[in-house]
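Open your viewer, switch to cartoon, and keep the selection box handy. We'll hop from chain to chain, one stop at a time.

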Protein chains: 4
Amino acid sequence: MKEKDGLRLRTGEESPLCPGPVNIPEPVIRAMNRNNEDYRSPAVPALTKTLLEDVKKIFKTTSGTPFLIPTTGTGAWESALTNTLSPGDRIISFLIGQFSLLWIDQQQRLNFNVDVVESDWGQGANLDILAEKLASDNSHTIKAICIVHNETATGVTNNLATVRKLLDDYRHPALLLVDGVSSICALDFRMDEWGVDVALTGSQKALSLPTGMGIVCASPKALEASKTAKSVRVFFDWNDYLKFYKMGTYWPYTPSIQLLYGLRAALDLIFEEGLENVIRRHSRLGTATRLAVEAWGLKNCTQKEEWYSDTVTAVMVPGYVDSSEIVRRAWKRFNLSLGLGLNKVAGKVFRIGHLGNVNELQLLGCLSGVEMVLRDVGYPVKLGSGVAAAAAYLLNNTPLIPSRI
Amino acid sequence: MKEKDGLRLRTGEESPLCPGPVNIPEPVIRAMNRNNEDYRSPAVPALTKTLLEDVKKIFKTTSGTPFLIPTTGTGAWESALTNTLSPGDRIISFLIGQFSLLWIDQQQRLNFNVDVVESDWGQGANLDILAEKLASDNSHTIKAICIVHNETATGVTNNLATVRKLLDDYRHPALLLVDGVSSICALDFRMDEWGVDVALTGSQKALSLPTGMGIVCASPKALEASKTAKSVRVFFDWNDYLKFYKMGTYWPYTPSIQLLYGLRAALDLIFEEGLENVIRRHSRLGTATRLAVEAWGLKNCTQKEEWYSDTVTAVMVPGYVDSSEIVRRAWKRFNLSLGLGLNKVAGKVFRIGHLGNVNELQLLGCLSGVEMVLRDVGYPVKLGSGVAAAAAYLLNNTPLIPSRI
Amino acid sequence: MKEKDGLRLRTGEESPLCPGPVNIPEPVIRAMNRNNEDYRSPAVPALTKTLLEDVKKIFKTTSGTPFLIPTTGTGAWESALTNTLSPGDRIISFLIGQFSLLWIDQQQRLNFNVDVVESDWGQGANLDILAEKLASDNSHTIKAICIVHNETATGVTNNLATVRKLLDDYRHPALLLVDGVSSICALDFRMDEWGVDVALTGSQKALSLPTGMGIVCASPKALEASKTAKSVRVFFDWNDYLKFYKMGTYWPYTPSIQLLYGLRAALDLIFEEGLENVIRRHSRLGTATRLAVEAWGLKNCTQKEEWYSDTVTAVMVPGYVDSSEIVRRAWKRFNLSLGLGLNKVAGKVFRIGHLGNVNELQLLGCLSGVEMVLRDVGYPVKLGSGVAAAAAYLLNNTPLIPSRI
Amino acid sequence: MKEKDGLRLRTGEESPLCPGPVNIPEPVIRAMNRNNEDYRSPAVPALTKTLLEDVKKIFKTTSGTPFLIPTTGTGAWESALTNTLSPGDRIISFLIGQFSLLWIDQQQRLNFNVDVVESDWGQGANLDILAEKLASDNSHTIKAICIVHNETATGVTNNLATVRKLLDDYRHPALLLVDGVSSICALDFRMDEWGVDVALTGSQKALSLPTGMGIVCASPKALEASKTAKSVRVFFDWNDYLKFYKMGTYWPYTPSIQLLYGLRAALDLIFEEGLENVIRRHSRLGTATRLAVEAWGLKNCTQKEEWYSDTVTAVMVPGYVDSSEIVRRAWKRFNLSLGLGLNKVAGKVFRIGHLGNVNELQLLGCLSGVEMVLRDVGYPVKLGSGVAAAAAYLLNNTPLIPSRI
């Protein structure tokens, strides 16, 4: 069988260190390698039931209600907003990079009154300003705080615990809506403890599935809000799901059978590795990547350590280098997929994704690829330097594979 | 590898003659058996370009603009409506079964002024009333006609050519929005010739893919309408797609890589068989099914021959039989998935799907299964009678497999 | 992805009722959908260990030693013979059809002194002659009895219990070597109870795997014989396997990782259905097929009921029909793979395989296909007659699918 | 779907740099992801015909006759020997490592008169002694020269052109039988030019398929020899194949349908990359690996540059290190499969495989893994040193991926 598209021809595995869609584990590919099934037979609801129960664990919630929506992250955003808010509602939203920008664009187009708090790209959400706004909002005009947990464009992780603390300090009832697309299942995320009202992620990120499932989890307070929210919605309406949950058939419209079995396999893998071990692995790979960047003499786009992201690292290149050229050459020469710099940081940063189904040697191979490409575009990196720095850390911090002890 | 869910255990292939999701052909399963890819690399846009070009052929349009949306049929409906209409717009919509009912429900919740034209379930859209309404609408208050080409709940195919003729006769500028979910790629569908403004289908029907891609095709007039349509939309906004089409990167958000390759394989199979041959095969299987039903002494839910559907047959059962019991036993005993009777016809009909990737012997095996189940629930069918009637027709009307001549 | 070979193009599933290779169940295809693994890592021996233990169950042996050889049934034959016998050894072998003929050809080329007992094709092994030969062999010149349990070319099942009884009655020490290629895992087979010394099968038959694994099981007596057998052998030498069994690494040369995981999945499916239920299903499908043949007014090639095979039925056609033409048209027109008549019965019989991963509705669909083809070649069968006869039996004898009760 | 065997649980891709079985490319896995087919239908012979034609290209032969045997490399050896030689025949065979040792063991057990020419492990075949033996063999008692092209245990490549030259110089008619298991499709191999009479390889090596197909190619002279060779053989008998080749049905017994389609895909990939480019890639990766070994201050087991292997590198460890411990820890900690030292070099060397479907970044990642493990077992390697040396070479010698230029 010939691969039709010549562009695809390459030897060996692709090394996709772009920040998503990420590598799918073999057991998940296997689980999805199947025919359709009648979703109205008793088998699919039985499967769905276990998925809804188990998926709550990756949000660390017991009180939340999850929805597995046949959509992408963008649709999951829309689901979070339209089910909880009404047009004209004032919401605070933090602009810190391309993905928060896109969410804000959606919020505005959905006719919310968006109070944008902007930071330099490379900084986290400005929580001081949030504090001020909450302090002065005695009449509770602010209906929701919208924040990305991890901004994929700049590699910045926001501190959600502090957001919750501020809301609590000011006894403010605003909903807390969190985009966890590049965090949930990779970074420490605690829906219940942090009082997150809607959390969401996409299947193709840390869950390491194909694109196509938006996973949204709503707190009881969010569900309550959905009863009065006036935003127009049908496809994304939680209420349709809740009706079918009650009936035990679960699906208001046809789900992807393949993604359901894929999610089952993905969750099984995560639980077998242990969610805390998964998070530790991301921390290990994130640290190793940052050590490599430092060894190369390059700057992390993220301006302070407190915001360092363990799922994606945006690397700043010297002024005389076009970061897009790095991405292009990595792909053309070494079959390595890096992330482009987007919008404000286009040409200035390239991004290394280290989330989902990735391990130490894959990362080191890719770091070595980055070194070669950096040299290729004229940056005088010492070959092996970044790999050595990363390996020194990994050597001391990588545990034995538990199943092989 | 153990199949986890005991409910799934069965020997031999499932015989899914439910009207969808349908059996996926092996080459399509194969094409989708793959890892993720970086959708921002040059390879994915190159693939997308050919898909957008080729998918127009199944709509029989050269002037239409297709959108491959990561959603289901319900989302495709929403995309069709919100991109072309504004809240309060008067639309005419035909209620003839469960799926048209659900679409009308969506139309109402999206705040359109829905002028519902209802028929008995088992009848087609009442086009006489349409004619009257068009005749009296000199001021063109009607903004759109919404119609399902094939009502999957009752097995009724509407006559779209007549709808177009009426619009032309009355020189009425209303948009023609068509749900082709259980028709496109199986029944004769002519977007350009019939002046359809938005046509849509879902991947899991006649295209025989997994669920997850809503395929929407817009006429130039529909695109023009989208410029002024005031319905709120973001995820479903065509404009975001058009912006990325222009840039040549095609995707406003992450597509399912697997579904793109799957669609490529599905289209290749359809073009190799020949779209007209595919339509002829559906006609052949539809006729054979109806002959079997007749031989069993049962009634087709569809009341007139002009509405007979070649993709699904709803079979009426005698009053003393509960059709749900037929569906249940077929699944529990013979691994046969029939379609339930829905809503008004619950308990009264069961449905045989014969669309997508299905051939003569699969149909005959399932008809034989239906005969056994009918006997099992107490209906005195003569075993072999329906199969014989269907086989007599198929024997005379099934051509040699062209590739094997 | 285009299917390259035009000959393959067809819609719907192939209906392979040829007697092998048979349909692979989806969970097995899934389990085999994997990359290679280092077979010297600890994981592969751990897997192998469970396979060797579990595979004994399908032979119904506790004392046997199984070998999973990367070869076909022909290689498995060679393994059975060369490990237990020396050139010149007298063996009794029954010629009752094409496959026993091929085995005898191998025996002769391996330089054994083959005492051939021939029957008409359509009859079972002549055990009266065996009795005579055993009776007169006081000096025990007969070293082995070689017999196929089920002759796939004629659909004849031999009575192994009687063979054992004769050996016991005459207190004859000859080894009993059994080809169980089209019987083991489908027909009742009892290695220990019947004192079978070497039993063998191939992966692509009742186990419903791809071709490539010859499964051979040796009794303690056979192992003992292998110590002195002088036939030259290296690749097929059990001793190499036994050496590695002792070391716990199991493999003298590289196994197919995919087939190991496939066998695991195949065994799991069989054990979940229950081996006795699997055997009952074959009996049910075999009976139904014979009832159809009778209803068509055609003769079973098998001359007596005691030899009827529940895995394959060879159907005799009237003199004016060429059975090859039936096979050809079934494939060309209905995507149905029947078995050709071989050698002496070429042109005179066609074969319906009903072994492995096949269920009631698949069989009925194919029987209906056979009816159409019979009509097509001029035999005046009443359409639906065979299907009706088979269905009447199946309706009364097919239990509910246990996992769905 | 839970992965049953806990030993398999790991995150990210396995990094199998053991010398085989190697990583299967995704398009090949895809091509093999299929049901069985009736191998007696016209489709399978049509496919086989193209395979037999195309597989000759990887041997660089136009006059050879290939056999695709359902077996492993060990079986391919047996096929080469038994089809061309008679018991008692004198053959010269070179013992230079574990795999040549195993072949010699087979030759002896098959009753040939093996004239073993032994070298130190780490040296190539001693061709001076061959010259002497040929010089003194005026009566042509030597019937065949048996030689491994590439000894996988020590990473030694023999010079076949010289062997041919010697045979020609002495006008000696001995057959030249070559084990190309770890060379063909990776190293420069020229069957016709070098007058090789039987060349063989296994599917799981440079072809990057699963195990299960032994590919044997016979020169006209070898075919001629097979007519009089008296070694007993049935399963491996070329003559059975040749009979079916003539009939155009090709298969004397059931082939693995999956491996046939897999071979088609594997050959397509090789031809698209270009066989010469494939060979160049192996040369590039081999050189890079040796540079890394040198940078680590370790010795190559291969004693002279002329024997350096581009498919596998055996690395000698200092006396105080147990190389098995390196292999164990690589697997247990970094999911990296290295090759063990075998037999005489057990504990003294570990092996890095760089053959088949592997690219630059995978190699570099694994080299980095080796560095960490070396440190872990107490060898004071400078982290990054080997990677840097390899990368410096690869940076200057890796061309753009042609399909992406």
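One term before the first stop: a crossing is left-handed if the near helix is turned anticlockwise from the far one by less than a right angle, and right-handed if clockwise. Some housekeeping, too: this is a predicted model, where local features need pLDDT of at least 70 and side-chain atom pairs count only at pLDDT 80 or more, while totals for chains, interfaces and linings use all residues. Residues are numbered from 1 along each chain as its sequence is written, with chains lettered from A and ligands numbered from 1 in the order in which they are written. Helices (H or I, at least four residues) and strands (E, at least two) are DSSP runs, numbered from the N terminus.

**Stop 1: a helix pair in chain A**

Select residues 323-334 and 360-376 of chain A, which are helix 11 and helix 12. Helix 11 of chain A passes helix 12 of chain A in a right-handed crossing. Their axes come within 10 Å and cross at roughly 115°; axes are lines fitted to C-alpha atoms, for helices over the stretch in contact, and angles run from 0 to 180 degrees between N-to-C directions. Now show side chains: Ile326(A), Arg329(A), Ala330(A) and Phe334(A) of helix 11 meet residues of helix 12 including Met372(A) and Leu374(A). Contact here is C-beta atoms, placed from the backbone, within 7 Å. By class, this contact has six nonpolar, one polar and two charged residues (Ala, Val, Leu, Ile, Met, Phe, Trp, Tyr, Cys and Pro count as nonpolar, Asp, Glu, Lys and Arg as charged, and the others, Gly among them, as polar).

**Stop 2: chain B**

Jump to Leu374(B), in helix 12 of chain B. Is Leu374(B) buried or exposed? Leu374(B) counts as buried because it has 25 C-beta neighbours inside 10 Å. The rule is 20 or more other C-beta atoms within 10 Å for buried, 12 or fewer for exposed, and partly exposed in between, with C-beta atoms placed from the backbone. Leaving aside neighbours within four places in sequence, Leu374(B) touches Trp296(B), Ile326(B), Tyr379(B) and Val381(B).

Next, select 257-273 of chain B, helix 9. Of its 17 residues, 13 are buried. Put a distance on the end C-alpha atoms: they are 25 Å apart, which agrees with the 24 Å expected for 17 residues at 1.5 Å a residue (the expected span is 1.5 Å times one less than the number of residues). Right after helix 9 of chain B comes Gly274(B), with a positive phi near 95°.

**Stop 3: strands in chain D**

Go to 214-218 of chain D, strand 10, where five of five residues are buried. Gly214(D), Val216(D) and Ala218(D) lie on one side, with Ile215(D) and Cys217(D) on the other. Strand 10 of chain D pairs antiparallel with strand 2 (65-69) over five bridges, and Phe67(D) stands opposite Val216(D). Pairing needs at least two bridges found by DSSP. Strand 9 (198-202) of chain D also pairs antiparallel with strand 10 over five bridges; there, Ala199(D) partners Cys217(D).

**Stop 4: where chain D meets chain A**

Finally, show both chains: the contact takes 57 residues from chain D and 57 residues from chain A. Which helix supplies the largest share of chain D's side? Helix 12 of chain D does, with 12 residues. That side of chain D divides into 24 nonpolar, 16 polar and 17 charged residues.

Terms used. Contact = placed C-beta atoms within 7 Å.
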